[in-house]
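Trainee: Please take one close look at the side-chain links, meaning the ring pairs, the charges over rings and the disulfides. Add the packing of one helix if it belongs in the account.

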Amino acid sequence: MARFAPRRIRPVAAVAVALVALAASVTPPALAGRAQPDPTIVAVGDIACQSFSQGDGNGACRSDEIADLIRRLDPTRFLALGDLQYNNGTLGEFMKVWDVQFGDLKPITLPTTGNHEYGTAGAADYYTYWGARSAPGLGYYSVNLGSWHLVSLNSDICGGPPGCGPGTPQYEWLKADLRANRGVACTLAFQHHPRWDWRPWEKWVDEDGTTQNGGSEVKPYIDMVKLMDANGVDVLLAGHNHLYQRWAPQDGSGNVDPNGIREFTVGTGGRSLYPFGPGDQPANLRVTQNKAFGVLQMTLHPASYDFRWVSLPGEPAFSDAGSGIACS
């Protein structure tokens, strides 16, 4: 995978510049010049339900507890991985549940669209709720966080015309965005649908002649992930499948590659949990679980990252933690 030399990081937005300037003007002399901690993110998708917590196991609606967990972890940014509001992502549903449970987290939230957001025509109510930060009408955008470039992609529009292959609007935008940010040390992409998956209803194949770990549900994302791999993306986060998966780093065709993209699926935000797929666990799927709700927490260092799974209190015992070298 290609890697690129660092360059000066641009601010996320004009308001960020103003906030930095204000902070600098009131920083006590004893703290001036002190290194800031590396940013942290929390990521999870498939979240807010039409009722609050019911306490009835894997079928529960646990999103209110997920919101409390995110507050306790106090991340720099919360990456919301799609299917944020069930069932149809209407503005009324967002205001009834999501805004009640997660509204105070909105200033740190980076959202991405899921298929349930498109329960309203063109995901119009999702864009109304999130406003400019969601790139209305497109659903894909990017920001910088510390030495990392974060890219939110709209995977839901990949399954129908015009798709997300070369020459399509999102593909060409992603190509231009990654090339324009080659100097940013590390890159993390997030979208709702996983590129690699193991789910019960997928047409699963280990090898279809063109790509490892292929299947009918993941084909629309292959071209964009190959583009990411060719342009130095280090991590891909997704939801959609209501469980947790950590895959080995892979190249765009699904071959294990220590310099490839490591995908995490984190669809454990409160809306039930799913069974595993048929047959044996795919060889490149390193860790998976479907008994505990929780989130993925990451610390983004200048040339590496740490990750750990964090369960809701009282959930079945499960742990997963580690680190990765990025931007090499």
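Mentor: The rings come before the disulfides, and a helix closes the account.

The model is predicted, so local features require pLDDT of at least 70 and side-chain atom pairs count only at pLDDT 80 or more, whereas totals for chains, interfaces and linings use all residues. Residues are numbered from 1 along each chain as its sequence is written, and side-chain values use heavy atoms, with hydrogens and water left out.

A search of the whole structure gives 15 aromatic pairs. Here, rings of Phe, Tyr and Trp (its six-membered ring) pair if their centres lie within 6.5 Å; planes under 30 degrees apart are stacked, those over 60 are edge-to-face, and the rest are tilted. One of the pairs is Phe94 with Tyr129, which is stacked, at 5.0 Å centre to centre and 15° between the planes. Phe94 belongs to helix α3 (residues 91-102) and Tyr129 to helix α4 (residues 124-130), so this pair ties together parts that are 35 residues apart in sequence. Helices and strands are DSSP runs numbered from the N terminus (helices H or I, at least four residues; strands E, at least two).

Phe94 is buried, with a relative accessible area of 0%, and Tyr129 is buried at 6%. Buried means under 20% relative accessible area, exposed over 50%, and partly exposed in between (1.4 Å probe, protein chains only). Both rings also belong to a cluster in which ring pairs link Phe78, Phe94, Trp98, Phe102, Tyr129 and Trp130. Tyr129 has a further partner: the charged end of Lys106 sits over its ring, 3.8 Å from the centre. A charge sits over a ring if NZ of Lys or CZ of Arg is within 6 Å of the ring centre and within 35 degrees of the ring normal. Elsewhere, Arg271 lies over the face of Tyr86, 4.5 Å from the ring centre.

The rings of Trp198 and Phe276 are stacked, because their centres are 5.3 Å apart and their planes are at 5°. This pair links distant parts of the chain, 78 residues apart: Trp198 is in the loop between β6 and α6, and Phe276 in the loop between β9 (262-266) and β10 (285-289). Trp198 counts as buried at 5% relative accessibility, while Phe276, at 30%, counts as partly exposed.

Next, the disulfides. With a disulfide taken as a pair of cysteine sulfur atoms within 2.5 Å, the count comes to 2. In one, Cys49 and Cys61 have their sulfur atoms 2.5 Å apart, and the link is right-handed, with 120° about the S-S bond. Cys49 and Cys61 both lie in the loop between β1 (40-44) and α2 (63-73), so the pair ties together parts 12 residues apart in sequence. Cys49 and Cys61 are buried.

Cys158 is joined to Cys164 by a disulfide with 2.0 Å from S to S. This link is left-handed, with -85° about the S-S bond. Cys158 is buried at 6% relative accessibility, as is Cys164 at 3%.

Last, the helix. α5 (residues 169-180) has 12 residues and reaches 16 Å from its first C-alpha to its last, close to the 16 Å expected at 1.5 Å a residue; the expected span is 1.5 Å times one less than the number of residues. Gln170, Tyr171, Leu174, Asp177 and Leu178 are its buried residues. Seen down the axis of α5, the buried residues fall within an arc of 130°, so they line one face of the helix; the arc is that of the directions from the axis to the C-beta atoms. They pack against β4 (141-145), β5 (148-152), β6 (186-190) and α6 (222-230), with contact meaning heavy atoms within 4.5 Å.
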